[in-house]
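Look at the fold as a whole, then at its inside and its outside. The paragraphs below take up the surface, the core and one loop in turn.

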Amino acid sequence: MLSGGRKARPPRGRIPWLLVVPALLGLGFLVLPFAGLLIGAPWGDLVPLAASPGVRGALWLSLSTATAATAVSLLLGVPLAWLLARTEFPGRRAVRALVAVPLVIPPVVGGVALLLVLGRNGLLGRHLYEWSGLSLPFTPAAVVVAQVFVAMPFLVISVEGALRGADRRYEEAAATLGATRWTAFRRITLPMAAPGVLAGAVLAWARALGEFGATITFAGNLPGRTQTMPLAVYLAMQQSPEAAVVLSLILLLVSVAVLAALRDRWTTA
């Protein structure tokens, strides 16, 4: 222990040179496309295009729906992660596998599945339409639903890992002192798992911001209503590749700015 309460860092080992080359190749593979985007972007058109009503509307819709999807994912995903991490029940492995399914299926398949369940003639959607006259597909709410479907697994997996790593002795001590399960969860468990919760929320937000396949299938691509930034990039690529590059650059800058602002929080989870 160093002065000032700081822990001494463990000594670093030798650099494994056999891993350096593939590591650099992997880093280059991830970084070079963004470098190409930055180099090839028509910077002179950035401000006028970013100020256009269509782009501002798509960007605002992306930011607002991604934030709403993250809030819903927190509301539903944290309790689900707690059940998976802290309780034993029949079929828990199957439930964990089902939670991970949206991570591996093509998002467009998720959009089709959402239509079959929540569409006007869907399994649940028909009853919703009969009772209230509401049709969920091709609305801004459908954008949020599609984003939650693809983003919530990131949060659940992150929070479950954080809960499994938290020391349960503190909760047991609180229980012996008369704390209820809810009090122990709120005052002890959740603060200990907070870095994992924040990391999962950031990952879920970033995934929701970039969602394309499930959104275009379930919510459509209606300018000013359901057209998010990824959909705007797709549409612009067919009409004006230069505009698509600028839109991609705007989305990249927004994503990097948010992740950089939270870097010290979510990278320590």
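A surface patch here is made of residues with over 30% relative accessible area and no salt bridge, where like charges are joined within 9 Å and nonpolar side chains (Val, Leu, Ile, Met, Phe, Trp, Tyr) within 5 Å. A salt bridge is a side-chain nitrogen of Lys or Arg within 4 Å of a carboxyl oxygen of Asp or Glu. Accessible areas come from the Shrake-Rupley method with a 1.4 Å probe, and for residues only the protein chains shown count as cover.

The model is predicted: local features need pLDDT of at least 70, side-chain atom pairs count only at pLDDT 80 or more, and totals for chains, interfaces and linings use all residues. Residues are numbered from 1 along each chain as its sequence is written, and side-chain values use heavy atoms, with hydrogens and water left out.

The protein has 14 helices and zero strands; helices (H or I, at least four residues) and strands (E, at least two) are DSSP runs, numbered from the N terminus. Its C-alpha trace spans about 65 × 60 × 35 Å along the principal axes. Of its 269 residues, 35% count as buried. Buried means under 20% relative accessible area, exposed means over 50%, and partly exposed lies in between (1.4 Å probe, protein chains only).

On the surface, Val108, Val109, Val112, Leu116, Val117, Leu123 and Leu124 make a nonpolar patch of about 610 Å². One of these residues, Leu116, lies in helix 5 (residues 107-118). Leu116 counts as exposed because its relative accessibility is 61%.

Now turn to the inside. In soluble globular proteins, nonpolar side chains tend to be buried together. A nonpolar core is a set of buried Ala, Val, Leu, Ile, Met, Phe, Trp, Tyr and Cys residues joined through side-chain atoms within 4.5 Å. The largest such core has 42 residues, and those with the most contacts inside it include Leu155, Val159 and Met229. Helices 3 (53-86), 7 (140-165), 10 (194-209), 12 (229-239) and 13 (241-261) each supply at least two residues of this core. Helix 3 gives the most, with 10 residues. Another core, of nine residues, lies apart from it and has Leu136, Ala146, Phe218 and Ala219 among its members.

Last comes a loop. Phe138 is found between helix 6 (125-132) and helix 7. Although Phe138 is not a glycine, it has a positive phi of about 65 degrees. Is Phe138 buried or partly exposed? With a relative accessible area of 40%, Phe138 is partly exposed.
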